[in-house]
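Trainee: Could you take me through the reading of a protein model that holds a ligand, one feature after another?

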Amino acid sequence: MSVLNGKKILLGVSGGIAAYKTASLVRLFIKAGAEIQVIMTPASKDFVTPLTLSTLSKNPVHSSFFNQEDENEKWNNHVELGLWADLMIIAPATANTMSKMANGTCDNLLIAAYLSAKCPVYFAPAMDLDMYKHPSTLASFSLLKQFGNTIIPAESGELASGLSGEGRMAEPENIIAFLEADLESKLPLKGKKFLITAGPTYEAIDPVRFIGNHSSGKMGFDIASEAANLGASVVLVAGPTNCKVTNTSVKVISVTSAQEMYDACHEYFSNVDVAIAAAAVADYRPKTVALQKIKKASEDFTIELEKTKDILLSLGEIKEKQFLIGFALETENEIENAKLKIQKKNLDLIVLNSLQDKGAGFGGGTNKVTFIDKAFTVEPMELKTKEAVATDILNKVIKHFHE
Ligand code: CTP
């Protein structure tokens, strides 16, 4: 999945021949899963029509401060557009538009939105080779870089003037690749390796029966997806579950029993930076597993159970640099029990679910958790979707690595 997926992108088109390439650029953004709004300078409409870009972007194109199409919304709000965007790109960026950006010459909607935008701004220059090297152009580049904007360098080749050299706007495919690489390199968990457990475990009684629990696996899968979206590479050791993950940075190891989960975790743990135990591992398993299906011969039937290995505890024992997070599900003395668990299992953070809280725990799409760190700082959170809880957990990890 592209890092551009779900991103809100504001594309500013200024008036150069390369504007015709923005039709492909908009298509590629849409293909990558981005939401896109386009602002055109008046001059750019000579090179590509607003109808083309509006159709491809699936949004009205903005061009002037005055909105002729909507009676109720006469004013095109440049501040709103600027603040809406996760990322703004000016492509093509002509010498004229870059000079206006550099000097704050706010005589069109594109520049007004640029001056209002708080998001990262990229610009892809396009002009003839001598213009590209002119000290005035170089001064604009330098100022824009000082403002924190990122240049997507022009490419070499045949130019509209008939001359050949540097100045062609980067090809749309290359602009997308540039943005993806740049955004990926800035992801907060880039280069971090995660081990996450999820779902229930099934402990066999005989070839057809098992002891299990109602864990859906959703919490662990949401953490895995979000960690991968933030740049991490993830090994997700999952018990039997219907959950799916689409991000290719998540390697799913499917297991059934607590012992299999234990073995898989120990295979990967030494190599990871973060381990999160979100699985609802069975605490006990049948002492012996019948080789044949057990017949209903007697009125009473007893299964002798033995403890499974505590995976999280075992990871805490061998932990070196790893940031180790566990979950706890408590019904009484929640905070005290959770604190004891932090010490016993040598955790850095515990995510406490209380069964006293409505909407917490197994099954549903929401969770209400309390974070407790190893310094015993207690932080109760609101009831949230499991995706939002996953984000909160990962923010704790990010904070740990950036402290
Ligand atoms: N855990 C584990 N392996 C087990 C049991 C639990 O890795 N065999 C992990 C779970 O994934 C979870 C945490 O340990 O992160 C839960 O701790 P646990 O001691 O099992 O607490 P509770 O489930 O809350 O139950 P109890 O208090 O009865 O121990």
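Mentor: We will go through the ligand site, then some backbone features, and then burial and distances. Please keep in mind throughout that this is a predicted model.

Trainee: Let us begin with the ligand. How many residues surround the ligand, and which are the closest?

Mentor: The general idea is to list the residues that have a heavy atom within 4 Å of the molecule. In this model 14 residues surround the ligand, and the closest are A277, A279, F327, K341 and K345. Sorted by class, the shell around the ligand consists of seven nonpolar, two polar and five charged residues.

Trainee: Which polar contacts should I look for between the ligand and the protein, and where are they?

Mentor: One looks for pairs of N or O atoms within 3.5 Å, and then asks whether the protein atom belongs to the backbone or to a side chain. At A279 the protein atom is a backbone N or O, and it lies 2.6 Å from an oxygen atom of the ligand. K309 also takes part through a polar backbone atom, which is 3.0 Å from a nitrogen atom of the ligand. At K341, by contrast, the partner is an N or O atom in the side chain, 2.7 Å from an oxygen atom of the ligand. As for cover, the ligand on its own has 580 Å² of accessible area, and the protein covers 76% of that area.

Trainee: In which pocket does the ligand sit, and which elements give two or more residues to the shell around it?

Mentor: The ligand sits in the largest pocket. Two elements give two or more residues to the shell, namely helix 11, which spans 311-318, and strand 16, which spans 323-330. Of the elements, strand 16 gives the most, with three residues.

Trainee: Since helix 11 has come up, what can be said of S314, and is that residue buried or exposed?

Mentor: Burial is read from the relative accessible area, with values under 20% counted as buried. S314 is in helix 11, and its relative accessible area is 10%, so it counts as buried. The side chain of S314 also reaches the backbone oxygen of I311, at a distance of 2.6 Å.

Trainee: Now to the backbone. What should I look for in phi and omega?

Mentor: Most residues other than glycine have a negative phi, and most peptide bonds are trans, so departures from either pattern deserve a look. The peptide bond from A91 to P92 is cis, with omega near -10°, and P92 lies in strand 3, residues 87-93.

Trainee: Which residues other than glycine have a positive phi here, and where do they lie?

Mentor: N333 is one of them, with phi near 45°; this residue lies in the loop between strand 16 and helix 12, the latter covering 334-344. N333 is exposed, with a relative accessible area of 57%. F376 is another, with phi near 70°, and its place is the loop between strand 18 (366-373) and strand 19 (378-385). F376 has a relative accessible area of 29%, so it counts as partly exposed.

Trainee: How should I set separation along the chain beside separation in space?

Mentor: The two are read side by side, taking the residue count along the chain together with the C-alpha to C-alpha distance. A258, found in helix 10 (residues 258-268), is buried at a relative accessible area of 2%; A258 and G157 are 101 residues apart in sequence and 61 Å apart in space. L115, placed in helix 5 (residues 109-116), is partly exposed at 46% relative accessible area, and the C-alpha atoms of L115 and P240, 125 residues apart along the chain, are separated by 52 Å. For F178, which lies in helix 8 (residues 172-185) and is partly exposed at 26%, the C-alpha atom is separated by 44 Å from that of L313, 135 residues apart along the chain.

Trainee: What does S64 add to these cases?

Mentor: S64 lies in the loop between helix 2 (50-57) and helix 3 (78-84), and at 33% relative accessibility it counts as partly exposed. S64 and N77 are 13 residues apart in sequence, and their C-alpha atoms are 9.9 Å apart in space.

Methods:
Residues numbered from 1 in each chain as written. Predicted model: local features only at pLDDT ≥ 70, side-chain atom pairs only at ≥ 80, totals over all residues. Heavy atoms only, no water. Polar contact = N/O pair within 3.5 Å; in protein donor to acceptor, adjacent residues only side chain to side chain. Areas by Shrake-Rupley, 256 points an atom, 1.4 Å probe, with all protein chains shown as cover. 1 Å grid on protein atoms, 1.4 Å probe; cavity = no way out; pocket = protein on both sides within 12 Å on 5 of 7 lines; lining within 4 Å. Sits in = over half its atoms within 2 Å of the grid points. Helix = DSSP H or I, 4+ residues; strand = E, 2+ residues; numbered from the N terminus. Nonpolar A, V, L, I, M, F, W, Y, C, P; charged D, E, K, R; others polar. Buried < 20%, exposed > 50% of the residue type's maximum accessible area, 1.4 Å probe, protein only.
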